[in-house]
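Here's a quick tour of one protein, written for someone just getting started with structures. Have the 3D view open and follow along.

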Amino acid sequence: MPCCEWKFYVRPPTLGEWETFLVNCDRVRILNFDVRGSQTPLSTDALVQIATTRPKGPIFTNIHTLHGSCIDDTFYPMFMSTSVTELNLCFKATDAEQQRKRLLWDIDTIIARMPRINKLNLKTSTLDPAPLEPFILQLLKGFPSCVELEVPYKCLRSAVVEAASQLPKLCVLWGHPGTD
């Protein structure tokens, strides 16, 4: 028995339905894509339908906080915005080369589409932080105006701490137990 029921679109939304939905999109400030534990996560099919039928580029133009998972089909660039200043990401353990390349693309996209990040919270669901270290370093290099950084204790390795120490505006470096 599955732990949750996936929600699928029955049909694409019409232009009239989009217009009704878009009326309040500018009021959205926080968007959560971290579907772990959700009872009704959206399917990839639903997100593809949103991407292909939306009548304008960015949907949520005033968003400031984004929660998401990397190497996860639910974290789409269409929801990223230059107004985002706080990013909470959950990295998943992976050894597959294809998934690592996807993660590199995701991080480059995140940096390019959300350049104003000043609060970065990274979670990880891996016991060995070594494979994720290059990606964490890439994020730190991409967000030089980061003021607050939160990472799992096991990821506070010398290279990560050194990179964090070079962030000119960093005021807070938090360590937390992680998701394992």
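Let's start inside: Met114 is buried, with a relative accessible area of 0%. Keep in mind that this is a predicted model. From Met114 we'll step back to the whole protein, then look at a helix, its partner and a couple of cysteines.

**Met114 and its surroundings**

- You'll find Met114 in the loop between helix H3 (97-113) and strand E4 (119-125).
- Its relative accessible area of 0% is why Met114 counts as buried, since the cut-off is under 20%.
- Met114 and Phe143 sit 29 residues apart along the sequence, and their C-alpha atoms are 9.2 Å apart in space.

**The big picture**

- How many helices and strands does the protein have? There are five helices and six strands.
- Going along the sequence, these elements follow the pattern α-β-α-β-β-α-β-α-β-α-β.
- The protein has 180 residues, and 41% of them are buried.
- Take the contacts with a separation of 6 or more: 74% of them link residues 24 or more positions apart.
- On the outside, the protein exposes about 9,700 Å², and carbon and sulfur atoms supply 57% of that.

**Helix H4, mostly tucked away**

- Why is helix H4 (residues 133-142) described as largely enclosed by the rest of the structure? Because seven of its ten residues are buried.
- Those buried residues are Glu133, Phe135, Ile136, Gln138, Leu139, Leu140 and Gly142.
- Let's zoom in on Gln138, which belongs to helix H4.
- With 18% relative accessibility, Gln138 counts as buried, because the cut-off is under 20%.
- Leaving out residues up to four places away in sequence, Gln138 touches Leu104, Ile107, Asp108 and Ile111.

**H4 next to H5**

- A bit of background: two packed helices are described by the angle between their axes and the distance between the axes.
- Here, the axes of H4 and H5 come within 10 Å and cross at roughly 0°.
- That angle is under 35 degrees, so H4 and H5 count as roughly parallel to each other.
- Which residues meet in this contact? On the H4 side they are Glu133, Ile136, Leu137 and Leu140, and on the H5 side Ala159, Val160, Ala163 and Ala164.
- Sorted by type, the residues of the contact of H4 with H5 are seven nonpolar, no polar and one charged.
- Another handy bit of background: an α-helix has 3.6 residues a turn, so residues three or four places apart point the same way.

**Leu167, just past H5**

- Leu167 lies in the loop between helix H5 (158-165) and strand E6 (172-176).
- Is Leu167 buried or exposed? At 8% relative accessibility, Leu167 counts as buried.
- Setting aside neighbours within four places in sequence, Leu167 is in contact with Leu140, Phe143, Pro144 and Cys146.
- Take Cys146 from that list: Leu167 and Cys146 are 21 residues apart in sequence and 6.9 Å apart in space, C-alpha to C-alpha.

**Cysteines without a bond**

- Searching the whole structure turns up zero disulfides.
- Why does Cys146 not form one? The closest cysteine sulfur, in Cys171, is 9.6 Å from the sulfur of Cys146, which is too far for a bond.
- Seen from the other side, Cys171 is in no disulfide either, with the sulfur of Cys146 as its nearest cysteine sulfur.
- Cys146 is buried, with a relative accessible area of 1%, whereas Cys171 is exposed, with a relative accessible area of 63%.

Note on methods. Residues numbered from 1 in each chain as written. Predicted model: local features only at pLDDT ≥ 70, side-chain atom pairs only at ≥ 80, totals over all residues. Heavy atoms only, no water. Helix = DSSP H or I, 4+ residues; strand = E, 2+ residues; numbered from the N terminus. Buried < 20%, exposed > 50% of the residue type's maximum accessible area, 1.4 Å probe, protein only. Contact = heavy atoms within 4.5 Å. Areas by Shrake-Rupley, 256 points an atom, 1.4 Å probe, with all protein chains shown as cover. Axes fitted to C-alpha atoms, helices over the stretch in contact; angles between N-to-C directions. Parallel < 35°, antiparallel > 145°, perpendicular 65-115°, else oblique. Nonpolar A, V, L, I, M, F, W, Y, C, P; charged D, E, K, R; others polar. Disulfide = S-S within 2.5 Å.
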